[in-house]
Amino acid sequence: MKRDVAVLGVGQTKFGSHPDKTLPELFAEAFFEAFDSSNIELKDIEAIYFGNFVGEITDGAANLGGFIADEIGLGGIPAYRFEGACASSSLAFREAYLAVKHGIYDCVLVGGAEKLHSAGTPIGTRALATALDSAYEVNSGLTFPGVFALITRMYAKVYDIPLEKLREKIAYVSIKNHKYGAMNPKAQFYKKFGDLKVEDVLNSRMICSPLTLFDCCPMTDGASAVIIASAEFAKERIDEPIYVRGTGQASAGSLFRQRWEVVKALPRKRSAEMAYKEAGMTPKDIDVAFIHDCFTIAEVIASEAMGFFEYGKGADAVEEGLTWADGEIPINPDGGLIGKGHPVGATGTAQIYSAVKLLRGELDFVKIEAETAITDTLGGDFGTLVNIILSVHRR
């Protein structure tokens, strides 16, 4: 038995710093926002799918499923924790979707939480680095700014773009995403950095050459939650269900195995194509995209791998305004990771939060006429990729 699946309600905390809350307490805040808009009772929720990356390191907390369930009054039901680095809650969402689609459950809760800002830069950086190859990457001193600095240089060489010219082009990713993040009340950088110029990005503190501070997303505390159900269950309870039309997932190994192909993000290409195939769509059917912009170059290569632009043209596209809210394919009109923040385990379902709000016309700070959206989450150095297509239209 295969059924259509729909989103009922979504919730998200303010992203930023929450040192006074535990991971379960933080998640509860997002959950009750989602619950209040779903028109269901607690007893309707049959299982919890929860994403968290490094709770053991940042909070000394593992085995989080049961603690999450008990915190929100659902103790006793099955509760699963998923870890896939930055794609943790996207993995949780995809597995929850498959469970509902195949009739295992009728209504489930999905989400994630992370507290990286509260952990501080040294602990947060070390925690994030566990998503790299420990033997061949971490032991050589590599962290994620280093990974994407390497990829930026590789991109410049592969597509024959002078490095300084490429830096200017990808600076527009930061300018764009900070602009929308400054407008988003739930973003870490709300009312901050909304009018950056290219020179502001280029001249900010160098993190790992050629990437500067404004090329990087911040470490963040935050949580997000989504309640999904069979389409029939959803139709009886809410007026505007948003349907899950397709999902995809792919993986890869160490950078030394991916080599120069890393600039083409082939696992993402596979994952996106899987989602398009299930949805019966192509990139041209997508109205808006929420992409994993952990660094400026990351959004560019993702926009190419997902089929929105030819390889080597993504940097030109953002510079030319094609990915802005009024452009050909709006990307990250909620601020993305760079402007909104990156609470790793919560990021995937936070993208779904924004997508659902936008499709329902409830993302008040930016107006985009859209019927179909795609989310994209990257875990590690292209180790885990998940794409999810959502639409106002049922299959």
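**Figure 1. Backbone at Ala85, a buried loop residue in a predicted model.** Ala85 sits in the loop between strand S3 (79-82) and helix H4 (88-101). Its relative accessibility is 5%, so Ala85 counts as buried, the cut-off being under 20%. Phi of Ala85 is near 55°. That is a positive value in a residue other than glycine.

**Figure 2. Backbone at Lys191, an exposed loop residue.** Lys191 also has a positive phi, near 65°, and is not glycine. Its loop runs between helix H7 (163-183) and helix H8 (198-203). Is Lys191 buried or exposed? With a relative accessible area of 66%, Lys191 is exposed, because the cut-off for that class is over 50%.

**Figure 3. The cis peptide bond between Ser209 and Pro210.** Omega is about 10° at this bond. Pro210 belongs to the loop that separates strand S5 (206-208) from strand S6 (211-212).

**Figure 4. Strand S7 and its two antiparallel partners, S1 and S4.** Strand S7 covers residues 221-230. Ten of its ten residues are buried, so S7 is largely enclosed by the rest of the structure. Strand S1 (residues 5-12) runs antiparallel to S7, and seven bridges join them. In this pairing, Val10 stands opposite Val226 of S7. Strand S4 (residues 107-115) also pairs with S7 in the antiparallel sense, over nine bridges. Here the bridge partner of Glu114 is Gly222 in S7. As a guide to reading the view, side chains in a regular strand alternate between the two faces of the sheet.

**Figure 5. Surroundings of Thr347 in helix H15.** Helix H15 spans residues 344-359. Thr347 has 3% relative accessibility and therefore counts as buried. Which residues does Thr347 touch, not counting those up to four places away in sequence? They are Cys86, Ser89, His292, Leu337 and His342.

**Figure 6. Aromatic pairs that involve strand S2.** The structure holds 13 aromatic pairs. One of them joins Phe27 and Phe50 edge-to-face, at 5.3 Å centre to centre and 80° between the planes. Phe27 lies in helix H1 (residues 23-36) and Phe50 in strand S2 (residues 48-51). The pair links distant parts of the chain, 23 residues apart. Both rings belong to buried residues, Phe27 and Phe50. Tyr49 and Phe82 form a stacked pair, with 5.7 Å centre to centre and 15° between the planes. Tyr49 is in strand S2 and Phe82 in strand S3, so this pair ties together parts that are 33 residues apart in sequence. Tyr49 and Phe82 are buried.

**Figure 7. A cluster of phenylalanine rings.** Ring pairs link three residues here: Phe31, Phe32 and Phe35.

**Figure 8. The largest pocket, with about 780 Å³ of space.** The pocket is lined by 31 residues. Closest to its centre are Pro145, Cys216, Cys217, Pro218 and Met219. Which elements give two or more residues to the lining? They are helix H5 (121-129) and helix H6 (144-158). H5 gives the most, with four residues. By class, 20 lining residues are nonpolar, ten are polar and one is charged.

Conventions. Residues are numbered from 1 along each chain as its sequence is written. This is a predicted model: local features need pLDDT of at least 70, side-chain atom pairs count only at pLDDT 80 or more; totals for chains, interfaces and linings use all residues. Side-chain values use heavy atoms; hydrogens and water are left out. On a 1 Å grid over the protein atoms alone, a cavity is a set of points where a 1.4 Å probe fits but cannot get out, and a pocket is an open set with protein on both sides within 12 Å along at least five of seven lines; lining residues have an atom within 4 Å of a point. Grid points are joined across faces, edges and corners, and a volume is the space filled by probe spheres set on the points. Ala, Val, Leu, Ile, Met, Phe, Trp, Tyr, Cys and Pro count as nonpolar, Asp, Glu, Lys and Arg as charged, and the others, Gly among them, as polar. Buried means under 20% relative accessible area, exposed over 50%, partly exposed in between (1.4 Å probe, protein chains only). Contact means heavy atoms within 4.5 Å. Two strands pair if DSSP finds at least two bridges between them. Rings of Phe, Tyr and Trp (its six-membered ring) pair if their centres lie within 6.5 Å; planes under 30 degrees apart count as stacked, over 60 as edge-to-face and the rest as tilted.
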